[in-house]
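Trainee: I should like to go through this structure and ask, term by term, on what grounds each label is given.
Mentor: Please do; each answer will set the value beside its cut-off.

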Amino acid sequence: MVQVVVPGVLPSDSLQPESLHGMRAAEALSSRLLLTQLATRALEDWCRARGLGAGRITVRRHDRPAPAVLDPDSLAALGGDARGTTLRRVDIRLGGLVLVDAVNWYFADRLTAAMRERLRGDTPFGEAIADLKPRRRTFHVSVAPADVIEAATRDAGPDAAAVHVFEHRAALDLPDGTPVAVVHERYRAVLVR
């Protein structure tokens with residue numbers, strides 16, 4: 001993946017998902033996500049416009065997540081100290097279609113008991129904590145090389161659909177700036193075919 005430290009945003013008139021494919025679609029989806037506070041909602045809208053999947057977006061938890069290492073920027077987004085965080089590894093899906101692989105580090109003690117309970121099920125993280133009115137702040141965007149994205153969109157096989165075309169890393173903060181979570185989201189090629 002190619003690292004882009006300061007994410008760019010495309011003009012809103014170029015974000016129509018129906019006619020875009022490959023690299024242009026990846027850029028458009030990434031831009032849409034950068035403009036929203038609730039990535040799940042933007043992702044759901046994108047999928048509906050493209051005729052992908054059915055139903056509502058859910059997650060499938062990986063009960064025994066492999067240890068995940070926090071990079072320095074993610075650690076800084078959590079206030080410099082990850083002690084007391086809970087790790088949640090999920091895939092985000094619409095119907096049976098896996099769209100995103102995600103890892104969340106969050107401070108469970110900053111959530112209500114009801115929110116913690118929802119996170120034990122199939123609710124996406126942003127939706128589970130929406131009542132806190134968190135502010136989403138994307139601090140890292142990386143995009144796969146154009147030839148990798150184009151090859152994954154031409155190949156109709158399931159392996160190509162699982163190729164990660166871009167990644168967003170974002171902090172979720174309370175309105176007063178207190179960090180609640182860091183999320184790493186890796187978006188799959190199935191979204192840009």
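Mentor: Let us begin with R110, which lies over the face of F107, 3.9 Å from the ring centre. The model is a predicted one.

Trainee: What makes R110 count as lying over the face of F107?

Mentor: The distance is 3.9 Å from the ring centre, and the cut-off is 6 Å, together with an angle within 35 degrees of the ring normal. R110 is therefore said to lie over the face of F107.

Trainee: How many aromatic pairs does a search of the whole structure find?

Mentor: The search finds two. In one of them, the ring centres of Y106 and F125 are 5.3 Å apart and the planes stand at 50 degrees.

Trainee: Why is the pair of Y106 and F125 called tilted?

Mentor: Pairing requires centres within 6.5 Å, and 5.3 Å satisfies that. Planes under 30 degrees apart would be stacked and over 60 edge-to-face; 50 degrees is neither, so the pair is tilted.

Trainee: Which parts does the pair of Y106 and F125 tie together?

Mentor: Y106 belongs to strand β4 (residues 97-107) and F125 to helix α5 (residues 125-128), so the pair links parts 19 residues apart in sequence. Y106 and F125 are both buried.

Trainee: What makes the pair of F166 and Y187 stacked?

Mentor: The angle between the planes is 15 degrees and the centres are 4.7 Å apart. Since stacking calls for under 30 degrees, and pairing for centres within 6.5 Å, the label follows. F166 is in strand β6 (residues 164-173) and Y187 in strand β7 (residues 179-188), so parts 21 residues apart in sequence are tied together. F166 and Y187 are each buried.

Trainee: R169 also lies in strand β6. Why does R169 count as buried?

Mentor: Its relative accessibility is 18%. Buried means under 20%, so R169 falls within that class. Beyond its neighbours within four places in sequence, R169 is in contact with residues including D71, R137, H140 and H184.

Trainee: How do you know that a polar contact joins the side chains of R169 and E167?

Mentor: The distance is 3.0 Å, and the cut-off is 3.5 Å for a suitable pair of N or O atoms. The pair therefore qualifies.

Trainee: Is T40, in helix α2, buried or exposed?

Mentor: T40 has a relative accessible area of 8%; the limit is 20%, so T40 is buried. Leaving aside neighbours within four places in sequence, its contacts are I57, P124 and E127. Other buried residues of α2 include L43, W46 and R50.

Trainee: What span does helix α2 (residues 39-50) reach, and what is expected?

Mentor: From first C-alpha to last, the 12 residues of α2 reach 17 Å, close to the 16 Å expected at 1.5 Å a residue. Just after α2, G51 takes a positive phi of about 70 degrees.

Trainee: How many helices and strands has the chain, and what share of its residues count as buried?

Mentor: There are seven helices and seven strands. Of the 193 residues, 49% count as buried.

Trainee: What pLDDT does the chain average, and where does pLDDT stay under 50?

Mentor: The average is 88, and 89% of the residues score at least 70. Over residues 1-15, pLDDT stays under 50. Where pLDDT is low, the predicted coordinates should not be read in detail.

Methods: Residues are numbered from 1 along each chain as its sequence is written. This is a predicted model: local features need pLDDT of at least 70, side-chain atom pairs count only at pLDDT 80 or more; totals for chains, interfaces and linings use all residues. Side-chain values use heavy atoms; hydrogens and water are left out. Rings of Phe, Tyr and Trp (its six-membered ring) pair if their centres lie within 6.5 Å; planes under 30 degrees apart count as stacked, over 60 as edge-to-face and the rest as tilted. Helices (H or I, at least four residues) and strands (E, at least two) are DSSP runs, numbered from the N terminus. Buried means under 20% relative accessible area, exposed over 50%, partly exposed in between (1.4 Å probe, protein chains only). The expected span of a helix is 1.5 Å times one less than its number of residues. A polar contact is a pair of N or O atoms within 3.5 Å; within protein, one must be able to donate a hydrogen and the other to accept it, and residues adjacent in sequence count only if both atoms are side-chain atoms. Contact means heavy atoms within 4.5 Å. pLDDT is the predictor's confidence in each residue, from 0 to 100.
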